[in-house]
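Colleague: Can you walk me through this model, one question at a time? Please keep the answers short.

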Amino acid sequence: MAALGGRGRAAAALLRRGPGTAPGAILGAGPRRHRHKEKWATTAPRIPSTRLALHHFDTSYSLHLGALWPSVRAGLLCEQKYGALLNNFAAADHVPQELELLNATDFVSEAQQWQRGAAVGEVATGCQEGSGEGRTVMQAEMMTQAEMSPPLCTSISSKIKCYTFPRGDITRFRPARPDSLGLLDYYLMDAASLLPVLALDVQPGDFVLDLCAAPGGKTLALLQTGFCGHLAANDVSVSRTKRLYEVLHSYVPKEVRDTVSVTSYDGRDWDQVKGGTFHKVLVDVPCTTDRHSAMEEHNNIFHKRRTKERQMLPMLQLELLMAGILAAKPGAELVYSTCSLSPLQNECVVERALDIAEAQFNIRIHVEDLSHFQTLFQDTFSFFSECRLGELVLPHLTANFGPMYFCKLRRM
């Protein structure tokens, strides 16, 4: 057989075929490898999206946060703490007393009381009497310095009430209950998510835009101020907008819902719909949702199929922030926020927006100082002290809220 030429080898191959054997199929030959590639591909082990997320975080956040990263990482991987946002529209006068019996406190009103005490020179006394856990004389001095800025009590809505358990207390809140009219008594959310709403400082009669509103926690908090002359709640996702409708119907009476318009526009095009019309704009953009990405496989943006989408997030965030700036009136205020630790999605987006607003639209933007939030809410949240712009709440085992980045801007 070895002496056969090319035609001889072809003839020998034909002799080895059985009846009905397809051309190219050799009797006695094993299955060809390419026929099994699909099976091998589907059964090969895949790297979980959560592991990809953690690897990315370890690489980038260890540089950004330095020695803080191990404790922040531990917080991300442990159960998140929640706050109970009281529903001012529900007949639930008994709820505050019920929560206080469980040792929960309204962190917003605590901050207001402490600030008012500082304004009349009672900081030192308040610290000595334990008006807030961990208050020190040094903190009192920080508060005195903060008094040189505009009065802090005017920057926090007295109508928003949110109860949290003390640092280190991992008690869970019971599920919300309906009142006699079917409105739920409180909304469970990451308490740090309230900080962008508090920073926005809605005033009576303000026309407010929540550009990326779903699933609805911040929208509900904006309504709790009782100051929205009109609230435009928008989200590009129709399915998430349905969740927003559910929240509004579960917590808000019809006469208040009538002051809210819910839409599903692409937020990047909002200035083409209603440009330059709002007094206050909240731009809570899609992001890497770091806590979810580290813990949940479902809808994880670190899935390999979503790599391009994740890489394009800063561009999407920039476009949304620019749309928010263009939707605001001259003199209006905006808050940009994410639930990510990434400076590329936080400060860098804000800095780029400032440049584009001035260079392309001749709009000057002023970054507002929110450093007093660190002083007012230090008993509840752990803040990152080295943000170039805005404020960042870090997850921590004893105060496991966040991450939450927020930056306040004023259109000049």
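**Salt bridges, cores and a helix**

Modeller: Start with a pair of charged residues: K408 forms a salt bridge with E333, and their closest N and O atoms are 3.5 Å apart. Keep in mind that this is a predicted model.

Colleague: How many residues apart are K408 and E333?

Modeller: K408 sits in strand β13 and E333 in strand β9. The pair links distant parts of the chain, and the separation is 75 residues.

Colleague: Is K408 buried or exposed?

Modeller: Buried means under 20% relative accessible area. K408 has 7% relative accessibility, so K408 counts as buried. Its partner E333 has a relative accessible area of 8%, so E333 is also buried.

Colleague: Which residues do salt bridges that share partners join into one network?

Modeller: K408 and E333 both belong to this network. Its full membership is D206, K280, E333, E368, K408 and R410.

Colleague: Which parts of the structure does the salt bridge between E319 and R268 tie together?

Modeller: The closest N and O atoms of E319 and R268 are 3.3 Å apart. The two residues are 51 residues apart in sequence. E319 lies in one part and R268 in the other, so the pair ties together helix α16 and the loop between β7 and α13.

Colleague: Are K254 and D258 buried or exposed?

Modeller: Their side chains meet in a salt bridge of 3.3 Å, N to O. Exposed means over 50% relative accessible area. K254 has 54%, so K254 is exposed. D258 has 52% relative accessibility, so D258 also counts as exposed.

Colleague: How many salt bridges does the count come to?

Modeller: The pairs above, including K254 with D258, are salt bridges. The count comes to 17.

Colleague: Which element gives the most to the largest nonpolar core?

Modeller: The largest nonpolar core has 50 residues. Elements that each supply at least two of its residues include α3, β8, α16 and α17. With nine residues, the top contributor is α16.

Colleague: Which residues does L321 touch, not counting residues up to four places away in sequence?

Modeller: L321 is one of the residues with the most contacts inside the largest core, alongside F57, L341 and V350. Leaving out residues up to four places away in sequence, L321 touches V283, Y336, V349, V350, A353 and L409.

Colleague: How many residues does the other core have?

Modeller: This core lies apart from the largest one. Among its residues are A213, V256, L376 and F381. Its size is 48 residues.

Colleague: Where on α11 do its buried residues fall?

Modeller: The buried residues of α11 are T241, L244, V247, L248 and Y251. In an α-helix, residues three or four places apart point the same way, because there are 3.6 residues a turn. Seen down the axis of α11, the buried residues fall within an arc of 110 degrees, so they line one face of the helix.

Colleague: What covers the buried residues of α11?

Modeller: On the other side of α11, V238, S239 and K242 are exposed. The cover over the buried residues includes β4, α10, β6, α12 and β7.

Colleague: Which side chain does a polar contact of 3.2 Å join to that of K218?

Modeller: K218 lies in helix α10. At 11% relative accessibility, K218 counts as buried. Residues that K218 touches include M189, D210 and M404. The side chain joined to K218 by the 3.2 Å polar contact is that of D284.

Key
Residues numbered from 1 in each chain as written. Predicted model: local features only at pLDDT ≥ 70, side-chain atom pairs only at ≥ 80, totals over all residues. Heavy atoms only, no water. Buried < 20%, exposed > 50% of the residue type's maximum accessible area, 1.4 Å probe, protein only. Helix = DSSP H or I, 4+ residues; strand = E, 2+ residues; numbered from the N terminus. Arc of directions from axis to C-beta. Contact = heavy atoms within 4.5 Å. Polar contact = N/O pair within 3.5 Å; in protein donor to acceptor, adjacent residues only side chain to side chain. Core = buried A, V, L, I, M, F, W, Y, C linked by side-chain atoms within 4.5 Å. Salt bridge = Lys/Arg side-chain N within 4 Å of Asp/Glu carboxyl O.
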